[in-house]
Amino acid sequence: MSAWRGRSVILFVYGTLLDAGVLTRVGGEAGLARRLRPARLDGWRRVVLRGTPYPTLLPAAGAVVAGAVLRVGAAAFARLCAYEGSAYGLVPVRVVTARGGLRARCWIAPPWRADRARGWP
């Protein structure tokens, strides 16, 4: 995370951070939820992270994950990293927004942690 110090980061979120209350509480900034912009991630599907009620992503040809992009500063990014914890790694992805393609970062767990049989609602 130290590589991000002082810089803003564009995140693709697809699970609990889409909830305005969760994002505000965890990110520590009242305006974060207003900055969410719809986006999709092609070639992935959302499934349950084994042993938790939370989602992760798995590569899947033809699948699409709906979510949102969000630009955050260093302080909010640090809090969001702490919330996501060690189960996830921050992975570079290319998402599609109303304005076109965009590079972002996304928290994804290692594939062995995914429950392939259970989609996340």
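In the predicted model, A20 is placed in helix 1, where the residue is partly exposed, its relative accessible area being 41%. Between the C-alpha atoms of A20 and R79, which stand 59 residues apart along the chain, the separation is 15 Å. R79 is likewise assigned to the partly exposed class, with a relative accessible area of 32%, and this residue reappears below as a partner in a salt bridge with E29.

The fold that surrounds these positions comprises two helices and six strands, and the order of the elements from the N terminus on is β-α-β-β-α-β-β-β. The radius of gyration of the protein is 14 Å, close to the 14 Å that the globule rule gives for 121 residues, so the protein is as compact as a globular protein of that length. Along the principal axes, the C-alpha trace extends over about 40 × 35 × 30 Å. Of the 121 residues, 43% are buried, and the protein exposes a surface of about 6,600 Å², to which carbon and sulfur atoms contribute 55%. When contacts with a separation of 6 or more are considered, 68% of them join residues that are 24 or more positions apart.

In soluble globular proteins, nonpolar side chains tend to be buried together. In the present model the largest nonpolar core contains 35 residues, and F12 and V72 are the residues with the most contacts inside this core. At least two core residues are supplied by each of strand 1 (9-13), helix 1 (20-27), strand 2 (37-49), strand 3 (55-72), helix 2 (74-84), strand 4 (89-97) and strand 5 (100-108). Strand 3 provides the largest share of the core, amounting to six residues. The surroundings of V72 can be described in further detail: when residues up to four places away in sequence are not counted, V72 touches R7, S8, V9, L11, L32, R35, F77 and L80. One of these neighbours, R35, is also a member of the salt-bridge network considered below.

A second position in strand 3 is that of T56, which is buried, with a relative accessible area of 0%. A polar atom of the T56 side chain lies 2.9 Å from the backbone nitrogen of A109. With neighbours within four places in sequence left aside, T56 is in contact with Y14, R45, R46, V47, V48, L49, Y88, I108, A109 and A114, so that A109 is listed among the contacts of a residue whose relative accessible area is 0%.

Strand 6 (residues 114-119) holds D115, which counts as buried at 18% relative accessibility because the cut-off for burial is set at under 20%. Apart from its neighbours within four places in sequence, D115 is in contact with V47, V48 and R50. Of these residues, V47 and V48 are also listed among the contacts of T56.

Side chains of opposite charge can pair when their charged atoms come close. The count of salt bridges in the model comes to four, and E29, R35 and R79 are linked with one another in a network of such bridges. Within this network, the side chains of E29 and R35 meet with an N to O distance of 3.6 Å, whereas the closest N and O atoms of E29 and R79 are 3.9 Å apart. E29 lies in the loop between helix 1 and strand 2 and R79 in helix 2, so this pair ties together parts that are 50 residues apart in sequence. E29 is partly exposed, with a relative accessible area of 26%, and R35 is also partly exposed, with a value of 35%.

A further salt bridge is formed between D42 and R40, for which the closest N and O atoms are 2.8 Å apart. Both partners fall into the partly exposed class, D42 with a relative accessible area of 37% and R40 at 37% relative accessibility.

Note on methods
Residues numbered from 1 in each chain as written. Predicted model: local features only at pLDDT ≥ 70, side-chain atom pairs only at ≥ 80, totals over all residues. Heavy atoms only, no water. Core = buried A, V, L, I, M, F, W, Y, C linked by side-chain atoms within 4.5 Å. Buried < 20%, exposed > 50% of the residue type's maximum accessible area, 1.4 Å probe, protein only. Helix = DSSP H or I, 4+ residues; strand = E, 2+ residues; numbered from the N terminus. Contact = heavy atoms within 4.5 Å. Polar contact = N/O pair within 3.5 Å; in protein donor to acceptor, adjacent residues only side chain to side chain. Rg over C-alpha atoms; globule rule 2.2 N^0.38 Å. Areas by Shrake-Rupley, 256 points an atom, 1.4 Å probe, with all protein chains shown as cover.
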